[in-house]
Structure formats: C-alpha cells, structure tokens
Amino acid sequence: MQAATRAVLRYAANDFGVRKVLGRAEGGNIASQKIMGRLAEETGGNGVVEPKKGSEKWPENKKGGEVREVLTWEWSVKPDEGFAI
C-alpha cells in the first residue's frame with residue numbers, strides 16, 4: 001500500500017501541481033498510522049512530520065457512527081523530490 005500511495009503522490013505533484021498533502025488515519029488503525037507517518041517523513045523532505053490529534057463523528061459502518069480519535073498529517077511536497085519508488 002505504501003508504494004502505491006507514494007506513486008499517487010508523485011503523480012499528483014508532478015502532473016497536477018499538488019503541493020500540500022493531508023493524510024488521515026483512525027486512532028485505532030495502527031497499520032494506517034505507520035504508513036502515513038512514513039510517507040510524510042519520506043516525501044515531506046523535512047524529517048519527522050508529527051500528526052495532529054482530533055476527534056470526529058465517524059460515518060455509519062459495521063462499528064456504528066460513534067465519535068473516534070483521528071490523526072491528521074499535513075506536509076508539503078515538491079515535484080520529483082523525495083519520491084523514491
């Protein structure tokens with residue numbers, strides 16, 4: 001999943017001029033948090049990018065629509081920099 005996301009970020013930065021990335025993961029989803037943290041560090045070019053903690057009402061699904069902790073990473077990207085595929 002990390003390689004696919006990295007490729008999408010590269011495509012967005014190079015072909016569409018995307019310069020800011022927001023990544024979010026539900027507080028209990030450790031695997032997604034690890035992927036998001038690594039991508040932010042690799043493609044942000046500024047070392048470690050710390051997530052911001054918040055909470056929001058989660059959409060209805062198998063677990064129901066309760067309020068959950070959400071982590072959000074925000075970082076800047078440059079075309080053809082920091083994208084080792």
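The fold, nonpolar core, aromatic pair, surface patch and salt bridges of a predicted model are described below.

The protein chain contains 2 helices and 3 strands. Read from the N terminus, these elements follow the order α-β-α-β-β. Of the 85 residues in the protein chain, 32% are buried. When contacts between residues at least 6 apart in sequence are considered, 62% of them connect residues at least 24 apart. The exposed area of the protein chain amounts to about 5,700 Å², and 54% of this area comes from carbon and sulfur atoms.

In soluble globular proteins, nonpolar side chains tend to be buried together. In the present model, the largest nonpolar core comprises 12 residues, namely Leu9, Ala13, Val21, Ala25, Met36, Leu39, Ala40, Val49, Leu71, Trp73, Trp75 and Val77. At least two residues of this core are contributed by each of helix H1 (2–16), strand S1 (20–26), helix H2 (30–44) and strand S3 (67–76). Met36, a member of the core, is in contact with Gly23, Arg24, Trp73 and Trp75 when residues up to four places away in sequence are disregarded. Two of these partners, Trp73 and Trp75, are likewise listed among the core residues.

A pair of aromatic rings is described by the distance of the centres and the angle of the planes. The search of the whole structure yielded 1 aromatic pair. This pair is formed by Tyr11 and Phe16, with ring centres 5.3 Å apart and planes at 80 degrees; the arrangement is therefore edge-to-face, since an angle over 60 degrees is assigned to that class. Tyr11 has a relative accessible area of 47% and is thus partly exposed. Phe16, which is found in helix H1, reaches 58% and is classed as exposed, because the threshold for that class is over 50%. Both residues of the pair also take part, with Val18, in a nonpolar surface patch of about 310 Å².

Side chains of opposite charge can pair when their charged atoms come close. The model holds 3 salt bridges. One of them joins the side chains of Glu74 and Lys20, with an N to O distance of 3.2 Å. Glu74 belongs to strand S3 and Lys20 to strand S1, so that this pair links distant parts of the chain, 54 residues apart. Glu74 is partly exposed at 37% relative accessibility, whereas Lys20 is exposed at 53%.

A further salt bridge is found between the side chains of Arg24 and Glu56, at 2.4 Å from N to O. Because Arg24 lies in strand S1 and Glu56 in strand S2 (residues 52–57), the pair ties together parts that are 32 residues apart in sequence. Both side chains belong to partly exposed residues, with relative accessibilities of 47% for Arg24 and 29% for Glu56. Arg24 is also one of the residues touched by Met36.

The remaining salt bridge involves Arg68 and Glu66, whose closest N and O atoms are 3.4 Å apart. Arg68 has a relative accessible area of 9% and is therefore buried, the limit for this class being under 20%. Glu66, in contrast, is partly exposed, with a relative accessible area of 39%.

Terms used. Residues numbered from 1 in each chain as written. Predicted model: local features only at pLDDT ≥ 70, side-chain atom pairs only at ≥ 80, totals over all residues. Heavy atoms only, no water. Phe/Tyr/Trp six-rings, centres within 6.5 Å; stacked < 30°, edge-to-face > 60°. Buried < 20%, exposed > 50% of the residue type's maximum accessible area, 1.4 Å probe, protein only. Helix = DSSP H or I, 4+ residues; strand = E, 2+ residues; numbered from the N terminus. Contact = heavy atoms within 4.5 Å. Areas by Shrake-Rupley, 256 points an atom, 1.4 Å probe, with all protein chains shown as cover. Core = buried A, V, L, I, M, F, W, Y, C linked by side-chain atoms within 4.5 Å. Patch = residues over 30% accessible without salt bridge, like charges linked within 9 Å, V, L, I, M, F, W, Y side chains within 5 Å. Salt bridge = Lys/Arg side-chain N within 4 Å of Asp/Glu carboxyl O.
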